[in-house]
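Biologist: I am new to this structure and would like a close look at one part of it. Please start there and then work outward to whatever it leads to.
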Amino acid sequence: MAPLGSTRGDTDQVLIDKNLFVRTLVLNRPRQLNALSSQMISKLLELFLAYEEDSNVKLVIMKGNGRAFCSGGDVAAVVHDINRGNWKIGAKFFWEEYILNYVMATYSKPQVSILNGIVMGGGAGASVHGRFRIATENSVFAMPETALGLFPDVGASYFLSRFPGFFGEYVGLTGARLDGAEMLACGLATHFVPSARLSSLEAALHKLDSSDPAIISAVIDEYSLQPYLKDKSTYHRLDIINRCFSRRTIEEILSALEREAVKSADDWISSTIQSLQKASPTSLKISLRSIREGRVQGVGQCLIREYRMVCHVMRGEVSKDFVEGCRAILFDKDKNPKWEPSRLDQLNDSMIDQYFSRVDDEEWEDLKLPARSSYTASALAKL
């Protein structure tokens with residue numbers, strides 16, 4: 001086995017472990033919980049495209065160093081750019097990230113992501129689109145964007161909308177955390193492997209000379225087990241979630257939850273209502289519409305739409321909630337964002353429509369997805 005090598009002399013943000021037919025990419029910013037910097041995204045994109053052309057590479061494994069797989073995109077850097085009047089630098093970050101998501105979603109070789117720890121936001125985009133996602137007892141998944149004044153992006157409108165029932169709306173709007181068993185139950189993970197077995201599983205994968213998903217799946221199956229959902233798992237509440245989160249608007253979802261709260265003194269219902277009341281009203285409205293549109297769109301269409309949305313978020317014409325949310329949660333950490341507009345009823349349809357329209361800037365263009373040479377059956381199903 002070759003030693004772990006860095007991607008370039010000056011930074012070790014992505015480590016590469018080369019085996020005969022397998023490449024393991026290790027996200028290596030443990031102090032930042034492996035948040036994706038623009039260098040990491042560029043490097044991952046370069047490596048994925050190179051490995052696709054390399055007939056010696058049959059399989060790509062991705063994992064994180066430390067207690068996270070990846071806690072998201074490095075949005076702090078984007079907010080600094082916006083505050084300096086350079087939202088277009090932020091747009092370049094999201095452009096590259098979404099292209100990486102699309103390449104992973106349409107990849108001709110199997111990607112195995114080992115999600116042994118925190119998987120949030122951009123970390124979901126760098127794993128969920130791949131063929132195999134392995135959860136463990138240490139996995140924690142969340143899309144916490146509505147609390148930051150953003151929306152679940154990185155193709156989340158594609159994958160959240162394909163959860164059972166309206167579980168995706170619940171997870172995307174509230175930022176609820178899921179454990180490994182819940183990730184497996186809703187389809188985020190394809191396998192559950194206890195963390196103590198991961199090194200043995202990786203050793204077995206390193207010996208493979210195959211891109212056949214059935215063969216790879218059979219190897220992972222040998223180390224997998226069926227975890228139990230905890231008694232208090234939100235997944236047991238799918239009936240209530242479907243009743244409430246299937247509603248057409250955020251206001252109707254809240255009313256439905258409030259009616260459920262009257263019927264039963266359930267702490268979960270009150271904490272769900274609280275999560276929605278704390279989130280950015282603008283974020284909630286655009287997130288719900290995004291997930292609903294994602295239900296009938298392919299992954300590429302979702303990413304193109306999300307790119308429009310994120311550019312409008314950064315420009316801040318309707319609302320500057322993204323900058324304010326990052327101030328309150330990431331920078332000042334007072335956890336007391338002042339949203340503007342501050343109430344759902346202050347947002348009309350034309351304000352929401354703006355997020356889904358082309359950006360009115362002559363230098364701006366829609367996300368251009370790269371031509372992909374050949375699609376596997378699983379990639380075709382996503383288009």
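Which residues of helix H15 (residues 321-331) are buried?

Modeller: This is a predicted model. In helix H15, the buried residues are Asp321, Phe322, Glu324, Gly325, Cys326 and Ala328. The elements that cover these buried residues include helix H2 (75-83), helix H13 (281-294) and helix H14 (299-315).

The chain just after the helix is worth following. H15 is followed by Lys333, whose phi is positive, near 60°. Lys333 sits in the loop between H15 and H16, and it is a residue other than glycine. Most residues other than glycine have a negative phi, and most peptide bonds are trans. With a relative accessibility of 58%, Lys333 is over the 50% limit and therefore counts as exposed. The loop between H15 and helix H16 (349-355) also holds Pro341. A cis peptide bond links Glu340 to Pro341, with omega at about -5°.

A positive phi is also found at Asn34, again near 60° and again in a residue other than glycine. Asn34 belongs to the loop between strand E3 (22-27) and H1. Its relative accessible area is 0%, under the 20% limit, so Asn34 is buried. Lys333, by its 58%, is exposed.

Another loop residue to look at is Asp54, placed between helix H1 (38-53) and strand E4 (59-64). The relative accessibility of Asp54 is 27%, between the limits of 20% and 50%, so Asp54 counts as partly exposed. Along the chain, Asp54 and Phe21 are 33 residues apart, while their C-alpha atoms are separated by 9.9 Å. Setting aside neighbours within four places in sequence, Asp54 is in contact with Arg23 and Lys109.

From here, return to H13, which is among the elements covering the buried residues of H15. H13 also packs with helix H6 (residues 167-174), at an angle of about 150° and with the axes 10 Å apart. An angle over 145° counts as roughly antiparallel, so H6 is roughly antiparallel to H13. The crossing of these two helices is right-handed. On the H6 side, Gly168, Glu169, Gly172 and Leu173 take part, and they meet Leu284, Ser287, Leu288, Ile291 and Arg292 of H13. Sorted by class, this contact has four nonpolar, three polar and two charged residues.

Two further helix pairs share H11. The axes of helix H11 (residues 250-263) and helix H12 (residues 267-278) come within 9 Å and cross at roughly 155°. H11 and H12 are therefore roughly antiparallel to each other, and their crossing is left-handed. H11 contributes Ile253, Leu254, Leu257, Glu258, Glu260 and Ala261 to the contact, and H12 contributes Ile269, Thr272, Ile273, Leu276 and Gln277. The classes here are seven nonpolar, two polar and two charged residues.

The other pair is helix H10 (residues 238-245) with H11, whose axes come within 8 Å and cross at roughly 140°. This angle is not over 145°, so H10 is oblique to H11. Ile240, Arg243, Cys244 and Phe245 of H10 make the contact with Ile253, Ala256, Leu257 and Glu260 of H11. By class there are six nonpolar, no polar and two charged residues in it. Ile253, Leu257 and Glu260 of H11 thus appear in the contact with H10 and also in the contact with H12.

The remaining topic is the nonpolar interior. In soluble globular proteins, nonpolar side chains tend to be buried together. The largest nonpolar core in this model has 103 residues, of which Leu25, Phe141, Phe159 and Phe167 touch the most other members. Helix H3 (residues 87-105) supplies the largest share of this core, 11 residues. A second, separate core has 17 residues, including Ile61, Val112, Val193 and Ile220.

Phe141 shows what surrounds one of the core residues. Apart from neighbours within four places in sequence, Phe141 is in contact with Val119, Ala124, Phe159, Val171, Ala176, Arg177, Leu178, Met183 and Leu188. Phe159, one of these contacts, is also among the four residues that touch the most other members of the largest core.

How values were computed. Residues are numbered from 1 along each chain as its sequence is written. This is a predicted model: local features need pLDDT of at least 70, side-chain atom pairs count only at pLDDT 80 or more; totals for chains, interfaces and linings use all residues. Side-chain values use heavy atoms; hydrogens and water are left out. Axes are lines fitted to C-alpha atoms, for helices over the stretch in contact, and angles run from 0 to 180 degrees between N-to-C directions. Helices (H or I, at least four residues) and strands (E, at least two) are DSSP runs, numbered from the N terminus. Angles under 35 degrees count as roughly parallel, over 145 as roughly antiparallel, 65 to 115 as roughly perpendicular and the rest as oblique. A crossing is left-handed if the near helix is turned anticlockwise from the far one by less than a right angle, and right-handed if clockwise. Contact means heavy atoms within 4.5 Å. Ala, Val, Leu, Ile, Met, Phe, Trp, Tyr, Cys and Pro count as nonpolar, Asp, Glu, Lys and Arg as charged, and the others, Gly among them, as polar. A nonpolar core is a set of buried Ala, Val, Leu, Ile, Met, Phe, Trp, Tyr and Cys residues joined through side-chain atoms within 4.5 Å. Buried means under 20% relative accessible area, exposed over 50%, partly exposed in between (1.4 Å probe, protein chains only).
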